[in-house]
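Reader: Could you take me through one helix packing contact in close detail, and then show me what lies around it? I'd enjoy a connected account rather than a list.

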There are 4 protein chains.
Amino acid sequence: MAGNTFGKIFRITTWGESHGTAVGVIIDGCPANLELDIEFVQKELNKRRPGQNDLSSPRKELDQVEVLSGIFEGKTTGSPICLLVYNKDVDSSKYEKIKNLLRPGHADFTYFIKYQNRDWRGGGRASGRETIGRVIAGAIAKQILEKIGIKIFAYTKELGGIQIEKIDLNLIDKNPVKCPDELVAKKMENLIRDIKKQGDSIGGIIEIIASGVPAGLGEPIFDKLSADIAKALMSIGSVKGVEIGSGFQAAKMKGSEHNDEFILEKGNIRLKTNFSGGILGGISTGEEIVVRIAVKPISSISKKQNTINIKSMKPEEISVEGRHDVTSVIRLIPVAEAMIALVLIDHFLRNKLAKIDNILI
Amino acid sequence: MAGNTFGKIFRITTWGESHGTAVGVIIDGCPANLELDIEFVQKELNKRRPGQNDLSSPRKELDQVEVLSGIFEGKTTGSPICLLVYNKDVDSSKYEKIKNLLRPGHADFTYFIKYQNRDWRGGGRASGRETIGRVIAGAIAKQILEKIGIKIFAYTKELGGIQIEKIDLNLIDKNPVKCPDELVAKKMENLIRDIKKQGDSIGGIIEIIASGVPAGLGEPIFDKLSADIAKALMSIGSVKGVEIGSGFQAAKMKGSEHNDEFILEKGNIRLKTNFSGGILGGISTGEEIVVRIAVKPISSISKKQNTINIKSMKPEEISVEGRHDVTSVIRLIPVAEAMIALVLIDHFLRNKLAKIDNILI
Amino acid sequence: MAGNTFGKIFRITTWGESHGTAVGVIIDGCPANLELDIEFVQKELNKRRPGQNDLSSPRKELDQVEVLSGIFEGKTTGSPICLLVYNKDVDSSKYEKIKNLLRPGHADFTYFIKYQNRDWRGGGRASGRETIGRVIAGAIAKQILEKIGIKIFAYTKELGGIQIEKIDLNLIDKNPVKCPDELVAKKMENLIRDIKKQGDSIGGIIEIIASGVPAGLGEPIFDKLSADIAKALMSIGSVKGVEIGSGFQAAKMKGSEHNDEFILEKGNIRLKTNFSGGILGGISTGEEIVVRIAVKPISSISKKQNTINIKSMKPEEISVEGRHDVTSVIRLIPVAEAMIALVLIDHFLRNKLAKIDNILI
Amino acid sequence: MAGNTFGKIFRITTWGESHGTAVGVIIDGCPANLELDIEFVQKELNKRRPGQNDLSSPRKELDQVEVLSGIFEGKTTGSPICLLVYNKDVDSSKYEKIKNLLRPGHADFTYFIKYQNRDWRGGGRASGRETIGRVIAGAIAKQILEKIGIKIFAYTKELGGIQIEKIDLNLIDKNPVKCPDELVAKKMENLIRDIKKQGDSIGGIIEIIASGVPAGLGEPIFDKLSADIAKALMSIGSVKGVEIGSGFQAAKMKGSEHNDEFILEKGNIRLKTNFSGGILGGISTGEEIVVRIAVKPISSISKKQNTINIKSMKPEEISVEGRHDVTSVIRLIPVAEAMIALVLIDHFLRNKLAKIDNILI
């Protein structure tokens with residue numbers, strides 16, 4: 001039983017391989033009559049495009065989004081929305097020579113074992129290009145969330161061991177490492193250039209914040225907002241850890257420190273602190289949702305590594321050549337945002353049905 | 001749209017409130033003809049029971065599992081299995097006096113906002129007693145997994161900031177803190193006694209390991225094994241973070257360090273290191289699955305905290321009295337194991353349908 | 001992958017066997033704060049109880065509904081509702097002597113083949129007692145539907161070949177055959193007595209009508225209201241056919257006859273005729289929903305039949321003794337109503353999310 | 001919550017509108033390594049194409065299937081398969097003049113009410129062209145079913161009131177009305193020509209037979225094979241009734257007539273008769289599955305009908321011009337076959353997980 005669908009109400013199914021005809025997404029369950037800003041979708045998509053600056057891979061992927069169904073006269077109709085990007089100028093030749101070598105850190109081995117076949121062309125389904133469908137769907141989710149007052153933003157919190165020291169959200173889009181700290185951004189850029197020369201790669205930590213999320217989202221006991229966020233983010237390739245609010249730091253705190261006290265603010269119940277990261281008992285508190293993910297270093301490195309040739313079943317050395325990024329942190333930022341948007345829209349819709357008063361309107 | 005069901009093939013639905021008539025679970029999708037060892041189920045259940053030693057809450061919950069359906073002549077029939085534990089000697093009186101106070105760190109506030117009602121009796125649905133259903137179902141899952149050769153064990157890796165220094169799995173069940181390091185276990189026990197006197201609580205880190213997991217489990221793109229593990233564990237109350245393999249440490253590593261090289265061992269492809277934690281591209285590699293969760297300190301503390309009275313809508317102080325544990329780490333160990341067992345059995349069954357050769361047998 | 005759950009938002013899972021400890025249902029997704037009339041649930045349950053008059057089986061099943069979870073202070077909390085009926089005075093002895101004989105028309109053979117086991121006690125899971133869970137859940141669904149203005153009623157339209165000639169809904173509950181035609185009811189009663197003497201059984205046709213259903217319910221393309229109704233009703237044991245509106249008669253009509261013309265009535269668009277049975281394109285029109293089901297004669301007959309002994313694997317004769325009904329038509333009426341109620345509440349909730357305007361309220 | 005997905009394991013999601021860019025389908029859950037005969041898919045698709053003979057609509061729809069993902073080197077990879085047909089030479093002009101008129105019998109009214117928008121171009125999503133996705137997916141399902149030994153065929157059993165008198169399956173593809181009775185086929189053809197002159201339309205009955213279905217398919221209690229077949233077929237536009245085996249005739253039979261006795265045939269348990277239509281207790285018996293559907297007359301007729309103009313909200317007459325078929329019976333035959341194929345493959349896969357012995361292989 002395959003698993004290419006995400007969400008219960010706002011359901012997306014992504015499809016497509018890196019070097020196939022196209023990669024895309026079907027959205028089933030987007031409410032009707034949403035005026036769709038397709039340019040915004042394209043802009044979101046552009047954020048994950050490589051070749052945007054000298055720090056990222058010089059590949060030129062045009063990645064033009066096209067609509068095949070579900071939109072009529074600029075609005076969603078309530079029918080499934082099929083959107084895609086055709087894979088242009090696909091060149092699989094550089095992969096051909098390593099088609100029998102398992103690239104360390106990649107999904108080559110596990111896909112081969114699971115399916116007993118091997119789409120060696122650029123990672124096939126396991127390629128980062130699959131996230132195009134997520135970003136497209138996330139960009140549509142964001143357009144609904146905006147109407148509700150929910151904003152999502154993410155940034156590089158740590159890269160190759162270098163951590164930010166302060167946060168100025170205005171800076172995120174002003175440097176190529178999506179870093180909210182100007183000085184640290186420079187250090188990160190320099191590190192990327194260094195690592196590139198070494199033929200190596202680095203990981204980092206992304207922090208994602210959702211503000212304006214109303215209290216009440218999340219469905220006990222298993223579909224807690226926190227649980228679905230963890231799944232959504234851990235489903236992104238390269239993510240090795242997810243934490244919410246205090247996260248792993250909670251392990252070292254006392255209850256008297258960690259418990260967010262309740263206070264009144266303009267007649268509303270608020271939380272004095274936000275160690276819970278906007279979620280208590282799996283349900284949003286109305287405070288900012290704060291999530292962090294650990295991103296492993298990119299697996300494709302030009303440095304030589306030992307591996308196995310699955311044809312000869314003999315050890316062999318591999319050097320993954322080509323124009324690879326040094327880190328996936330930067331390009332995963334829009335993907336992480338998209339996944340959070342998809343979780344929030346789904347839970348916003350689910351929560352609409354929680355109380356009898358709501359449904360009798 | 002509620003969310004009390006977990007799993008796609010081996011589906012469990014838990015139900016019941018802390019101070020209601022019973023708490024239980026329905027399992028739909030357990031294969032027929034499994035000889036069920038109900039004593040094993042009871043033993044697993046006993047592990048999460050309070051009052052087992054002087055470190056944990058002295059409450060006496062007998063927690064006797066009973067079977068209502070789905071078992072005939074000692075075997076599963078293929079029909080839904082309903083199992084439950086009746087809530088005996090329930091005393092809600094101590095909760096009555098704080099029924100209008102939001103306990104900091106608890107789900108009181110968010111459930112109240114979400115559902116516009118309040119089951120104030122011991123946490124209601126959000127109580128830790130809900131995990132009884134999970135542990136029962138997990139104990140059945142474990143019986144199938146054992147036939148496949150999969151073993152799951154978990155232990156306290158860190159408690160109140162004290163970390164283990166070595167691992168001897170034989171020790172886990174020999175100390176009340178489920179710690180694989182004898183000396184550190186003593187320190188943890190002492191810390192618990194100290195914190196108890198302070199009327200405070202502590203958190204910690206649990207490590208869960210699954211060995212014998214065949215390569216190939218996990219369903220791209222969204223139902224990756226890692227993603228479903230993250231969801232399963234984050235759905236447990238008090239868990240603030242999940243990491244797999246290298247986890248957050250991955251953020252500081254280089255690709256040349258992090259990539260697990262492929263080697264041959266007795267003709268089989270193996271991974272030289274296991275930074276991936278047994279999962280690559282969301283699919284199991286055949287190596288040990290290694291997961292850690294961060295557990296926040298227990299929210300119920302006798303120390304005074306500020307909160308709001310939802311009836312008067314005025315600030316008030318609260319001291320959560322009663323016989324609470326100092327940490328939930330110990331009692332969450334069998335719960336964490338159960339959730340991993342549920343993920344693995346579900347994915348084992350799902351993977352059975354991945355290849356045409358398998359299904360034509 | 002088992003299938004004991006029905007519905008997407010208002011989800012029910014039934015469990016339990018005829019001669020097990022209990023039969024019951026979990027409802028997950030019932031909106032919070034519904035004041036539950038448990039006496040109404042019991043009354044609905046009583047309708048399917050045997051032994052109500054001399055025409056039906058003289059077995060005395062008390063069938064007292066009990067609540068295990070999800071209700072607090074008389075209201076639904078939003079948590080899963082577990083309701084059950086304990087099986088009292090269960091006597092499996094009469095089944096013991098035919099435990100190796102496949103009863104013709106029953107599910108004995110197919111369950112045995114599918115699961116390779118045999119719960120021979122009164123049909124086990126395939127027993128009509130399983131419908132207790134459906135009727136309980138349906139009775140809760142009806143309480144919400146009533147608030148929306150939806151009413152569901154069903155009656156015997158044909159029994160053993162005898163058809164009704166007129167319809168007076170007030171009569172349905174005034175005769176033991178649930179027939180809206182007084183004279184025909186008498187004939188049906190006489191026929192039942194005749195057939196009883198013959199040791200045989202008869203089938204019939206039930207018509208179910210839902211009035212007050214708002215236009216717009218049903219989810220293209222696969223979860224059409226008509227499709228889900230068909231599934232719901234065909235999932236009831238003994239049902240061999242389902243038709244909506246014109247049904248099989250449509251096959252003989254011309255488009256100019258069958259098309260329901262649109263007219264204006266007090267400024268509202270209405271359908272002049274209702275051959276569509278209240279559903280067009282899989283979506284409710286606002287007119288009455290009209291459905292019929294064909295019920296086969298009860299399989300348990302005392303007349304001798306040929307069958308196979310699965311132990312000896314030899315032919316043998318069987319006579320199913322005991323106090324069986326002559327027809328299941330009468331006792332399936334509340335079950336059919338319950339299934340329609342479950343489809344309608346689920347689609348009512350689903351439709352709440354169809355339009356952006358609705359969800360931004 | 002939308003409903004464009006069918007199946008649990010072999011899941012298809014259709015998308016696309018009649019006059020949009022394309023119509024297509026995503027299949028998620030097709031086992032890996034199936035050698036795909038894409039020409040067979042095209043041939044199946046051709047069966048539902050109009051303009052095949054003088055009896056059907058003279059529209060020329062080329063309907064060339066294209067693969068966008070999920071196939072590599074001629075085999076399924078286990079990843080989602082996206083297949084589509086681009087809508088060529090789409091001309092919406094004839095629909096433009098009736099864009100404000102509700103066509104009687106069509107889904108215009110209900111889609112408009114449900115979604116508050118109107119894709120007036122040729123039925124939009126409610127068009128028969130949506131079935132292209134179903135036929136494509138069904139053609140892939142059939143390729144797996146064939147390996148198991150399951151064959152599905154369907155034919156016209158009744159058209160405009162004319163019933164077949166005998167069945168010669170070899171004749172089905174030898175006449176334009178897909179009728180297994182040569183003489184009756186001629187009468188049907190003549191009737192179609194007559195009705196065409198009248199500007200009217202007719203309905204009929206399709207019988208679908210699946211042979212070679214192993215015993216054991218179907219999942220109690222709700223996902224019975226019969227229930228899922230009913231849903232699958234009732235989800236096809238124009239279908240007003242579904243019956244299995246004896247169907248509505250069962251209502252007139254006695255238990256002693258209807259019960260299929262068990263007999264031994266070459267050591268195997270078989271059913272002497274097949275009134276159950278191959279399904280007992282919702283599970284396949286191993287005998288032929290026999291299903292019939294009632295198809296209403298096509299709604300698009302050139303005869304004048306009364307309707308409402310939704311812009312002026314005034315009554316108006318409508319004559320649906322264009323090159324419409326006289327009956328949808330013929331073109332629905334491949335669609336009905338496809339839906340049965342989809343149900344059978346899904347249940348075949350589901351049944352693989354029913355027994356512990358199967359899963360421990």
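Author: Happily! In this predicted model, helix 4 (residues 131-148) of chain C packs with helix 8 (residues 329-351) of chain C at an angle of about 50 degrees, their axes lying 7 Å apart. An angle between 35 and 65 degrees falls in the oblique class, and the two helices are therefore oblique to each other. The crossing of helix 4 of chain C past helix 8 of chain C is left-handed. On the helix 4 side, the contact residues include Thr131(C), Arg134(C), Val135(C), Gly138(C), Lys142(C) and Ile148(C). Helix 8 of chain C contributes, among others, Pro334(C), Glu337(C), Met339(C), Leu342(C), Ile345(C) and Phe348(C). Sorted by character, the residues of this contact comprise 15 nonpolar, two polar and three charged.

Helix 8 has a packing contact to look at in chain B as well, this time with helix 6. There, helix 6 (residues 225-234) of chain B and helix 8 (residues 329-351) of chain B meet at about 145 degrees, with 9 Å between their axes, and the crossing is right-handed. Leu225(B), Asp228(B), Ile229(B), Ala232(B) and Leu233(B) of helix 6 face a set in helix 8 of chain B that includes Ala336(B), Ile340(B), Val343(B), His347(B) and Arg350(B). Nine residues of that contact are nonpolar, one is polar and two are charged.

Now for the sheets. An open sheet of 10 strands draws on chains C and D, in the order 9(C)-8(C)-10(C)-16(C)-11(C)-11(D)-16(D)-10(D)-8(D)-9(D), and its pairing is antiparallel. Strand 9 (162-163) of chain C and strand 9 (162-163) of chain D stand at the edges with a single partner strand each, so one side of each has no neighbour in the sheet. Helix 6 (residues 225-234) of chain C packs on this sheet, touching strand 10 (204-211), strand 11 (239-244) and strand 16 (289-295) of chain C, along with strand 11 (239-244) of chain D. The direction of helix 6 of chain C makes about 155 degrees with that of strand 11 of chain C.

Within chain D, strand 8 (residues 151-159) and strand 10 (residues 204-211) pair in the antiparallel sense over eight bridges, and Tyr155(D) stands opposite Glu207(D) of strand 10 of chain D. Helix 5 (residues 182-198) of chain D lies across strand 8 and strand 9 of chain D, at about 60 degrees to strand 8 of chain D.

Chain C also holds an open antiparallel sheet of five strands, ordered 1-2-3-7-4. Its edge strands, strand 1 (5-6) and strand 4 (65-69) of chain C, each pair on one side only. Two bridges join strand 1 of chain C to strand 2 (residues 11-16) of chain C, where Thr13(C) is the bridge partner of Thr5(C). Helix 1 (residues 38-47) of chain C packs on this sheet, touching strand 4 and strand 7 (81-86) of chain C, and makes about 130 degrees with the direction of strand 4 of chain C.

Finally, the copies. A turn of 180 degrees with a shift of 0.0 Å along the axis lays chain C on chain B, with an RMSD of 0.0 Å, so the two are related as by a two-fold rotation axis. Because 100% of the interface residues of chain C are also interface residues in chain B, these copies meet through the same surface. Chain B superposes on chain A by a rotation of 180 degrees, with 0.0 Å of shift and an RMSD of 0.0 Å. Lys231(B) is the residue of chain B that comes closest to that rotation axis, at 2.4 Å (C-alpha).

Technical notes: Residues numbered from 1 in each chain as written. Chains lettered and ligands numbered in written order. Predicted model: local features only at pLDDT ≥ 70, side-chain atom pairs only at ≥ 80, totals over all residues. Heavy atoms only, no water. Axes fitted to C-alpha atoms, helices over the stretch in contact; angles between N-to-C directions. Helix = DSSP H or I, 4+ residues; strand = E, 2+ residues; numbered from the N terminus. Parallel < 35°, antiparallel > 145°, perpendicular 65-115°, else oblique. Left-handed = near helix turned anticlockwise from the far one by under 90°. Contact = heavy atoms within 4.5 Å. Nonpolar A, V, L, I, M, F, W, Y, C, P; charged D, E, K, R; others polar. Pairing = 2+ DSSP bridges. Least-squares fit on C-alpha atoms with pLDDT ≥ 70 in both.
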